[in-house]
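Good morning, and thank you for joining. I would like to take you briefly through one model, beginning with its fold and ending with its surface. Please have the display in view.

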Amino acid sequence: MAAAVATSFVSEQSATTTQQPLLDRSKPHTFQEKLMRKSKENPFVPIGCLGTAGALMYGLRAFKQGKTRQSQLVMRGRIFAQGFTVVAILFGVFTTALKKD
């Protein structure tokens, strides 16, 4: 009797797990496909990364031209953009963790 109950429980459990595979490994994913999927899941991370990179480039250019005050202001903006990116990553991690439960 206990074996029949255990067998039915295992078969019910395996039936539910085979319905939704966690990772689809049937076809290889390219870098672009993965980037697009991750960008759709959490669009604020790429925005923060682009903002950080843009501020860094602009700040370095201003520093090279001798505009130290402008360079300092832009570098402070870069720090803000980096913080925004970290918060966006953490938000994405928490929402993904809550979604899987």
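How many helices and how many strands are there in the protein? The model, which is a predicted one, contains four helices and zero strands. Read along the sequence, the order is therefore written α-α-α-α, with the elements taken as DSSP runs from the N terminus.

Let me turn to the annotation. The unreviewed UniProt entry assigns the term "transmembrane region" to residues 43-60 and to residues 80-98. How do these spans appear in the model? Residues 43-60 are 94% helix and 0% strand, and the C-alpha atoms at the ends of that span are 26 Å apart. For residues 80-98, the helix content is 100%, again with 0% strand, and the end C-alpha atoms lie 27 Å apart.

Next, the packing of two helices. Helix 3 comprises residues 44-64 and helix 4 comprises residues 68-100. Their axes are 8 Å apart and meet at an angle of about 165 degrees. Because angles over 145 degrees count as roughly antiparallel, helix 3 is described as roughly antiparallel to helix 4. The crossing of helix 3 past helix 4 is left-handed.

Finally, some totals for the protein. Of its 101 residues, 15% count as buried. The accessible surface amounts to about 8,800 Å², and carbon and sulfur atoms account for 68% of that area. As for contacts, among those between residues at least 6 apart in sequence, 50% join residues at least 24 apart.

Thank you for your attention.

Notes: Residues numbered from 1 in each chain as written. Predicted model: local features only at pLDDT ≥ 70, side-chain atom pairs only at ≥ 80, totals over all residues. Heavy atoms only, no water. UniProt positions renumbered as here; feature names shortened; annotations may be inferred. Buried < 20%, exposed > 50% of the residue type's maximum accessible area, 1.4 Å probe, protein only. Contact = heavy atoms within 4.5 Å. Areas by Shrake-Rupley, 256 points an atom, 1.4 Å probe, with all protein chains shown as cover. Axes fitted to C-alpha atoms, helices over the stretch in contact; angles between N-to-C directions. Parallel < 35°, antiparallel > 145°, perpendicular 65-115°, else oblique. Left-handed = near helix turned anticlockwise from the far one by under 90°.
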